[in-house]
Amino acid sequence: MARLWGFEEIRTPTFEEAGLFSRGVGENTDIVEKEMYVFTDRGGRQLALRPEGTACAVRAYLENNLSQKENSRRLFYIANMFRAERPQAGRYREFEQIGFEIFADPSPAADAELITLALAILNEYGLKNPALAINSIGCPNCRGPYRRALKEALDKIAGELCEDCQKRLDKNPLRCLDCKTCGPKAQAAAPAFALCAQCAAHESTVESLLRSNDVSFKKDRSIVRGLDYYTRTVFEISAAQLGAQNAVAGGGRYDGLVELLGGTPTPASGFALGVDRVIEAKTAGQAVDSARGRQAVFAVMVKPSSATLDYAFGIIHDLRKQGIAVFTPGYTDSMKSQMRQAGRSGAELALIVGDEECQNQRVVIKELGSGQQETVIRAQLSAHLKNRLNS
Ligand code: HAM
């Protein structure tokens, strides 16, 4: 999918200088305040296990002068991230993201393209009915006055807000709008956000591009995102199959971040997809991966002599070369244990090879469900298996 959309892969280190995230993601965000794994290394440097990939991509973009290479303005990464959150279903301290970032493109079309890419990946993977919600949080010009108006309105109901939100009132009142506890109260008290003319035009183009591509979405003014770098477009995709932690992807535009981290002013936009949650959403309610048994066989070796082991090894190697997955047991396990492993493996068929089969150049095929077995000539094994596994 990345290739189809024209993205190049970037791999950045697992840890970075901690200041990259306090500057980039924001000193007063939950991620930096409560969730970063920070440590001092042997050289006395303050490092952090990366809590997210955008600041890392920007750092690499600047350090390697990627703005000069036209085909390096669209980057993607598949990487593990670390956040010291309270673990619960769908929320882990180490998790994996697939992230996409577009640099040096101010156009609303870049935002719309990223959104369609996120949905296309989820669709390709087979996730049913992901829900897209979008919003615009404006630019520094229009957000300043709104922040002040919002703070004034929320100050009046400060006593009804949770402890976290009372702190957010001074630092970033926008975050009160998406608080799990007092979000609805804050939204009811909030004044309407008046975007400046440029931000409003940007928002309406993103929306019309989505509409003309049949992408359905909900406009949700409560989406403000938990990271400070966003400007204008923000979006989240959620999966109804999940519980409280139902966001499978999130992202938006961050026109100020490259400059904040030391580059020349460079607009940018991106998103990240939470791999663990996407997998969980798809497999929710499914006991096993039903595709697994279809292309796989389990090789069982009965007390093999060295010639038999050689014979079995050759067969296994051959089948894998032809694209048939072969599970092998612990080589020295008893026959009983090997058959038990075969039964649990999810494979449909077991291949049984002993000294007799080796001498006659034969293989026994056992159907694990019914227990029926037959003997085939080695030379015909792969054609025979392909037939059976596809039927
Ligand atoms: P984020 O919303 O913090 O955004 O994370 C993106 C996705 O990562 C979430 O929607 C969720 O699926 C997954 N995720 C986050 N935290 C956890 C966790 N503790 N356990 C499991 N999955 C989790 C970002 O990280 C931004 N860097 C996205 C971005 C890229 N914005 C612009 N470019």
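## Two sheets and a ligand

Let's start with a single pair of residues: Lys366 stands opposite Gln373 in strand S16. This is a predicted model, and that pair is a handy way into one of its sheets. Strand S15 (residues 362-367) and S16 run antiparallel and are joined by five bridges.

Now widen the view. S15 and S16 belong to an open sheet of five strands, ordered S13-S12-S14-S15-S16, with mixed pairing. At its edges you will find strand S13 (325-327) and strand S16 (373-377); each has a single partner strand, so one side of each is left without a neighbour in the sheet. Ignoring direction, neighbouring strands in this sheet are turned against each other by 30 degrees on average.

Helices pack on this sheet too. Helix H13 (residues 335-344) touches strand S12 (296-301), strand S14 (349-353) and S15, and its direction makes about 175 degrees with that of S12. Helix H15 (residues 381-390) touches S12, S14, S15 and S16, and its direction makes about 15 degrees with that of S15.

Next, look for another open sheet, this one with eight strands. Their order is S1-S5-S6-S11-S10-S9-S7-S8, and the pairing is again mixed. Strand S1 (8-9) and strand S8 (218-219) are the edge strands, each pairing on one side only. S1 pairs with strand S5 (residues 74-82) in the parallel sense, over two bridges, and here Glu9 stands opposite Phe76 in S5. Helix H11 (residues 275-283) packs on this sheet, where it touches S6, S10 and S11; its direction makes about 50 degrees with that of S11. Helix H4 (residues 54-63) lies across S5 and S6 and runs at about 45 degrees to S6.

Some of these strands also lead us to the ligand. Strand S6 (94-103), strand S10 (247-253) and strand S11 (268-274) each supply at least two residues of the shell around the ligand. Which strand gives the largest share of that shell? It is S10, with six residues. In total, 26 residues surround the ligand, and the closest are Glu52, Glu85, Glu101, Tyr230 and Ala247. By type, the shell divides into 11 nonpolar, eight polar and seven charged residues.

Finally, zoom in on a few atoms. A side-chain N or O atom of Glu52 is 2.6 Å from a nitrogen atom of the ligand. The backbone takes part as well: an N or O atom of the Tyr92 backbone lies 2.8 Å from a ligand nitrogen atom, and a polar backbone atom of Ala249 is 3.4 Å from a ligand oxygen atom. On its own, the ligand has 670 Å² of accessible area, and the protein covers 96% of that.

Terms used:
Residues numbered from 1 in each chain as written. Predicted model: local features only at pLDDT ≥ 70, side-chain atom pairs only at ≥ 80, totals over all residues. Heavy atoms only, no water. Near = heavy atom within 4 Å. Polar contact = N/O pair within 3.5 Å; in protein donor to acceptor, adjacent residues only side chain to side chain. Areas by Shrake-Rupley, 256 points an atom, 1.4 Å probe, with all protein chains shown as cover. Helix = DSSP H or I, 4+ residues; strand = E, 2+ residues; numbered from the N terminus. Nonpolar A, V, L, I, M, F, W, Y, C, P; charged D, E, K, R; others polar. Pairing = 2+ DSSP bridges. Contact = heavy atoms within 4.5 Å. Axes fitted to C-alpha atoms, helices over the stretch in contact; angles between N-to-C directions.
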